[in-house]
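Trainee: Could you take a close look at one part of this structure with me? I'd like to go through the salt bridges slowly.

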Amino acid sequence: MSVDTIAIVISTATMLLGFFGAFGWMIRRSDAQHDRLGGRIDTVEAKLVARIGEVETKLGARIDGVERELVEVKIAVARIEGPPRHLLSAR
């Protein structure tokens with residue numbers, strides 16, 4: 001094997017080793033944080049669910065209001081335009 005081939009094989013192995021090492025470190029750190037937080041995650045999750053429900057209720061009310069207002073605008077525009085025009089004029 002040439003020197004170039006050996007260098008490529010060694011650098012590839014080093015990059016793979018670094019990648020798997022970093023991935024393992026990330027998994028270990030994530031598990032440690034999860035263990036450290038423990039029960040607080042349930043509390044935060046409950047608060048988040050309550051907040052999302054509150055925002056959903058307010059947003060639903062606003063959407064209903066906009067829908068009603070849009071219907072009123074459509075009716076007003078229809079009244080301004082009047083009845084539809086006929087293609088032939090009546091004599």
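Mentor: Let's start with the whole chain and then zoom in on the salt bridges. Keep in mind that this is a predicted model. The protein chain has two helices and zero strands, and of its 91 residues, 0% count as buried. The chain exposes about 9100 Å², with carbon and sulfur atoms supplying 66% of that.

Now for the part you asked about. The count comes to two salt bridges. In one of them, arginine 51 pairs up with glutamate 54, and their closest N and O atoms are 3.4 Å apart. Why can these two meet? They sit three residues apart in helix 2 (residues 40–81), so about one helical turn separates them. In the other bridge, the side chain of glutamate 54 meets that of lysine 58, at 3.5 Å from N to O. Those two are also in helix 2, four residues apart, which is about one turn of the helix. Put the pairs together and you get one network: Arg51, Glu54 and Lys58 are joined by salt bridges that share partners.

How exposed is each member? Arginine 51 has a relative accessible area of 47%, so it counts as partly exposed. Glutamate 54 is partly exposed too, at 37% relative accessibility. Lysine 58 comes out at 52%, and because the cut-off for exposed is over 50%, lysine 58 counts as exposed.

Methods
Residues numbered from 1 in each chain as written. Predicted model: local features only at pLDDT ≥ 70, side-chain atom pairs only at ≥ 80, totals over all residues. Heavy atoms only, no water. Buried < 20%, exposed > 50% of the residue type's maximum accessible area, 1.4 Å probe, protein only. Areas by Shrake-Rupley, 256 points an atom, 1.4 Å probe, with all protein chains shown as cover. Salt bridge = Lys/Arg side-chain N within 4 Å of Asp/Glu carboxyl O.
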